[in-house]
Amino acid sequence: MSDRFSLLILPGDGIGPEVMAEVRKVIAWFGKRRGLLFDVDEDLVGGAAYDAHGTPLSDATMARAQSVDAVLLGAVGGPAYDNLDFAVKPERGLLRLRKEMDLYANLRPAQCFDALADFSSLKREVVAGLDILIVRELTSGIYFGEPRGIHSDDNNPDNEGGRVGINTQRYTSGEIRRVARSAFELARKRKNRVCSMEKANVMESGILWREEVQWVHDNEYPDVELSHMYADNGAMQLVRRPSQFDVIVTDNLFGDILSDAAAMLTGSLGMLPSASLGAPMANGRPKALYEPVHGSAPDIAGQGRANPIACILSFAMALRYSFDRGEDADLLERAVEKVLADGVRTADLMAADGGTPVGTSEMGDHIVAALDQLG
Ligand code: NAD
Ligand code: IPM
Ligand code: MN
């Protein structure tokens with residue numbers, strides 16, 4: 001496999017460009033010091049694309065995303081765009097990327113770095129050493145199901161306001177089986193346990209989900225330990241005793257919510273990276289998009305206070321899953337760990353009386369300095 005990789009960077013909105021600037025420093029370091037040649041292109045997504053082109057993702061950008069080895073995305077959205085027509089909202093740009101690249105497996109690892117165990121909103125003994133992986137289905141379910149929309153409900157005189165809003169939870173067996181396979185494959189490289197979450201007690205799509213995950217297990221991965229849990233109980237168990245989990249596989253909407261909850265186990269939403277993977281391309285690498293789990297954080301955008309670690313760790317995932325550079329990914333994760341162990345903190349990782357936080361750019365510089373020391 002060649003060591004030349006094409007990357008499309010889509011910084012997006014709010015803190016997206018701020019955290020992405022720090023990832024660029026890290027990319028440059030790996031280029032200079034580890035001989036990885038990156039052809040880096042940059043383009044617009046979300047509100048930034050809407051401002052320039054009147055659409056949150058142009059066809060030209062979509063085509064570029066389809067043709068590169070990996071896409072790195074910052075974040076999209078913000079209050080300036082909240083009242084736009086639904087079809088051109090910033091979030092639609094991200095959803096189009098996920099759908100058209102067919103990125104069905106969204107890997108959201110939640111690891112608690114030891115240096116942050118006291119900072120989590122849960123007790124140290126509950127989160128110390130935590131290492132779980134949420135595999136969220138990303139291309140189907142209620143995010144994309146038809147029918148959908150807001151309609152007038154004129155024939156129903158009892159409906160005060162006269163409108164109805166509709167979204168449809170829809171899953172095919174094939175969609176469930178392929179994401180289940182991703183979860184089982186990943187579990188085999190970890191602690192070999194998968195917990196599948198749905199609401200089979202109230203939803204037919206949940207019954208299908210449970211049956212198909214079980215089918216994939218029984219026919220293809222009988223060596224992996226499989227359990228099932230209702231997603232509401234899963235949310236409770238995640239904060240009660242998160243260490244009971246290894247890999248969690250769940251649908252698009254439950255995965256969105258459960259992964260934000262898991263973020264707080266690690267100390268901050270600013271810590272959680274993600275990889276969205278599709279089927280392998282002709283070169284054997286999966287279609288891939290890497291992005292932090294957090295959003296554009298309008299409340300702190302433009303202040304240089306955002307934590308860039310989630311975005312930097314997303315690049316580590318790119319090294320691991322797109323570029324087959326596991327050792328370099330480990331190195332970058334160790335650099336982050338070292339900086340945190342040295343007590344360097346952005347504001348989101350500090351108690352109110354915890355001392356002086358560093359800014360976004362300083363945090364990036366510290367991580368590059370740690371790479372220099374460890375690499
Ligand atoms: P958010 O993740 O942007 O922010 C939630 C809270 O976490 C805020 O208080 C924010 O300051 C804090 N936070 C998030 N990332 C941080 C970081 N790196 N460092 C420090 N603090 C951080 O979620 P929200 O406020 O619900 O949404 C804001 C906008 O972002 C909305 O338009 C939403 O649709 C969008 N959004 C986009 C993505 C994405 O692009 N993948 C994900 C979630 C939300
Ligand atoms: C996420 C976000 C997105 C989602 C939005 C911005 C479309 O919350 O990536 O978690 O709901 O999937
Ligand atoms: Mn989310």
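A polar contact is a pair of N or O atoms within 3.5 Å; within protein, one must be able to donate a hydrogen and the other to accept it, and residues adjacent in sequence count only if both atoms are side-chain atoms. The legends below describe a predicted model, in which local features need pLDDT of at least 70, side-chain atom pairs count only at pLDDT 80 or more, and totals for chains, interfaces and linings use all residues. Residues are numbered from 1 along each chain as its sequence is written, chains are lettered from A and ligands numbered from 1 in the order in which they are written, and side-chain values use heavy atoms, with hydrogens and water left out.

**View 1. Surroundings of ligand 1.** A polar side-chain atom of Glu291 is 3.0 Å from a nitrogen atom of ligand 1. Two oxygen contacts are also listed: a polar side-chain atom of Asp299 at 2.8 Å, and a backbone N or O atom of Ser296 at 3.2 Å. Ligand 1 taken alone exposes 800 Å², of which the protein buries 69% (accessible areas come from the Shrake-Rupley method with a 1.4 Å probe; for residues, only the protein chains shown count as cover). Ligand 1 is surrounded by 21 residues, the closest being Val76, Glu91, Gly295, Ala297 and Asp299 (a residue counts as near a molecule or strand if one of its heavy atoms lies within 4 Å of it).

**View 2. Ala297 in its loop.** Ala297 is among the closest residues to ligand 1. Its phi is near 45°, a positive value in a residue other than glycine. Ala297 sits in the loop between strand E12 (286–290) and H10 (helices, H or I with at least four residues, and strands, E with at least two, are DSSP runs numbered from the N terminus).

**View 3. Surroundings of ligand 2.** Around ligand 2 are Glu91, Arg98, Arg108, Arg136, Tyr143 and Asp256. Oxygen atoms of ligand 2 lie 2.7 Å from a side-chain N or O atom of Arg98, 3.0 Å from one of Arg108, and 2.6 Å from a polar side-chain atom of Tyr143. Of the 320 Å² that ligand 2 exposes when taken alone, the protein buries 78%.

**View 4. The two domains and the largest nonpolar core.** The chain is divided into domain 1 (1–104 + 272–375) and domain 2 (131–265), with bounds from an automatic or database domain assignment. Their C-alpha centres are 25 Å apart. Twelve residues of domain 1 and 14 residues of domain 2 take part in the contact (heavy atoms within 4.5 Å). A nonpolar core is a set of buried Ala, Val, Leu, Ile, Met, Phe, Trp, Tyr and Cys residues joined through side-chain atoms within 4.5 Å; buried means under 20% relative accessible area, exposed over 50%, partly exposed in between (1.4 Å probe, protein chains only). The largest such core has 71 residues, and Phe30, Phe38, Leu72, Phe315, Leu332 and Ile367 touch the most other members. Helix H10 (residues 309–321) gives the most to this core, nine residues. Each of the two domains supplies at least three residues to it.

**View 5. Phe38 and its contacts.** Leaving out residues up to four places away in sequence, Phe38 touches Phe5, Leu7, Ile27, Phe30, Phe315, Leu319 and Phe323.

**View 6. Two backbone details.** Glu146 and Pro147 are joined by a cis peptide bond, with omega about 0°. Pro147 belongs to strand E6 (residues 145–152). Asp324, although not a glycine, has a positive phi of about 55°. Asp324 is placed in the loop between H10 and helix H11 (326–341).
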